[in-house]
Amino acid sequence: MKPRQGTSRRRPGVKLFWWKWMVVSSWGVIVAGIAMVVLPDVMNRFFSLLFYNVTDHYTSFGESASGYITFTHGVLGSVMAGWGVALLGVLYGPFRSGNPEGWRSVAYSVALWFSLDTSVSLAYGLWQNALLNLIIAELYIIPLVATFRQFFGK
């Protein structure tokens with residue numbers, strides 16, 4: 001029996017599966033970022049629990065410091081939401097069309113964020129944030145590794 005014309009050696013749908021995986025992950029980054037802006041009490045309690053094992057530890061720093069923490073989380077959330085939108089732009093554009101620059105853009109931005117954020121987290125003894133970073137980074141690293149050959153061949 002002859003193989004059908006146009007059959008490729010790649011498994012159909014693999015690239016689409018991994019692309020969808022990263023689109024969902026990017027929406028997660030956006031939603032988390034927006035939550036840091038519009039639900040500051042919830043997110044402050046989450047980070048307080050993550051870092052100090054109690055939900056209201058951040059209030060023990062005093063009103064001025066607590067306000068600054070909330071402000072900083074809001075700015076960070078805004079940046080996260082913007083990064084997530086930029087990732088979606090790359091994923092829907094050059095990545096989806098198979099342009100290697102799309103793959104590199106996602107890989108480089110995740111690598112830079114992970115390296116810097118994790119280094120700062122570990123330098124200040126916040127291993128919990130480094131662990132959270134590792135979990136989030138894996139949401140991109142796994143599909144990037146899985147699609148590498150589709151973009152760059154052998």
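The following legends describe close-up views of a predicted model.

**View 1. The largest nonpolar core of the predicted model.** This core has 20 residues. M22, L91, F95, V106, Y140 and L144 are the residues with the most contacts inside it. Two or more core residues come from each of the helices α1 (14-38), α3 (63-95), α4 (100-123) and α5 (127-152). The greatest contribution is that of α3, which supplies six residues. M22 may serve as a point of entry to the view: leaving out residues up to four places away in sequence, M22 touches L91, F95, V106, L139, Y140, P143 and L144. A second core, separate from this one, has five residues, among them A35, M36, M43 and F47.

**View 2. Helix α3 along its length.** The helix α3 has 33 residues. From its first C-alpha to its last, α3 reaches 45 Å, close to the 48 Å expected at 1.5 Å a residue. Its buried residues are S66, H73, G74, G77, A81, W83, G84, L87, L88, V90, L91 and F95. Of these, L91 and F95 also belong to the residues with the most contacts inside the largest nonpolar core. V85 is placed in α3 as well, but V85 counts as exposed because its relative accessible area is 51%, and the limit for that class is over 50%. The C-alpha atoms of V85 and W27 are separated by 8.0 Å, although the two residues are 58 residues apart along the chain.

**View 3. The surroundings of H73.** H73 lies in helix α3. With a relative accessibility of 15%, H73 counts as buried, since buried means under 20%. The side chain of H73 makes a polar contact with the side chain of N44, at 2.7 Å. When neighbours within four places in sequence are left aside, H73 is in contact with M36, N44 and F47. Two of these partners, M36 and F47, are included in the second nonpolar core.

**View 4. The aromatic pair W19 and Y92, with R96.** The structure holds 16 aromatic pairs. One of them is formed by W19 and Y92 in an edge-to-face arrangement, with 5.1 Å centre to centre and 85° between the planes. Because W19 lies in helix α1 and Y92 in helix α3, the pair ties together parts that are 73 residues apart in sequence. What is the relative accessibility of W19, and is this residue buried or exposed? The value for W19 is 10%, so W19 counts as buried. Y92, with a relative accessible area of 49%, is partly exposed. R96 also takes part in this view, lying over the face of W19 at 5.0 Å from the ring centre.

**View 5. The aromatic pair W103 and F148.** W103 and F148 form an edge-to-face pair, with 5.3 Å centre to centre and 70° between the planes. W103 belongs to helix α4 and F148 to helix α5, so this pair ties together parts that are 45 residues apart in sequence. W103 counts as buried at 13% relative accessibility, whereas F148 counts as partly exposed at 37%.

**View 6. The charged end of K15 and the ring of F151.** Here a charge sits over an aromatic ring. The charged end of K15 is 4.9 Å from the centre of the ring of F151.

**View 7. An aromatic cluster and the loop residue N53.** F46, F47, F51, Y52 and F61 form one aromatic cluster. F47 is also in contact with H73. N53 lies in the loop between α2 (40-52) and α3. Most residues other than glycine have a negative phi. N53 has a positive phi of about 65°, although it is not a glycine. The relative accessible area of N53 is 64%, and N53 is therefore exposed.

**View 8. T118 in helix α4.** T118 has its place in helix α4. Its relative accessible area is 10%, so T118 is buried. Which residues does T118 touch, not counting residues up to four places away in sequence? They are W113, A130 and N133.

Definitions and conventions. Residues numbered from 1 in each chain as written. Predicted model: local features only at pLDDT ≥ 70, side-chain atom pairs only at ≥ 80, totals over all residues. Heavy atoms only, no water. Core = buried A, V, L, I, M, F, W, Y, C linked by side-chain atoms within 4.5 Å. Buried < 20%, exposed > 50% of the residue type's maximum accessible area, 1.4 Å probe, protein only. Helix = DSSP H or I, 4+ residues; strand = E, 2+ residues; numbered from the N terminus. Contact = heavy atoms within 4.5 Å. Polar contact = N/O pair within 3.5 Å; in protein donor to acceptor, adjacent residues only side chain to side chain. Expected span 1.5 Å × (residues − 1). Phe/Tyr/Trp six-rings, centres within 6.5 Å; stacked < 30°, edge-to-face > 60°. Lys NZ or Arg CZ within 6 Å of the ring centre and 35° of its normal.
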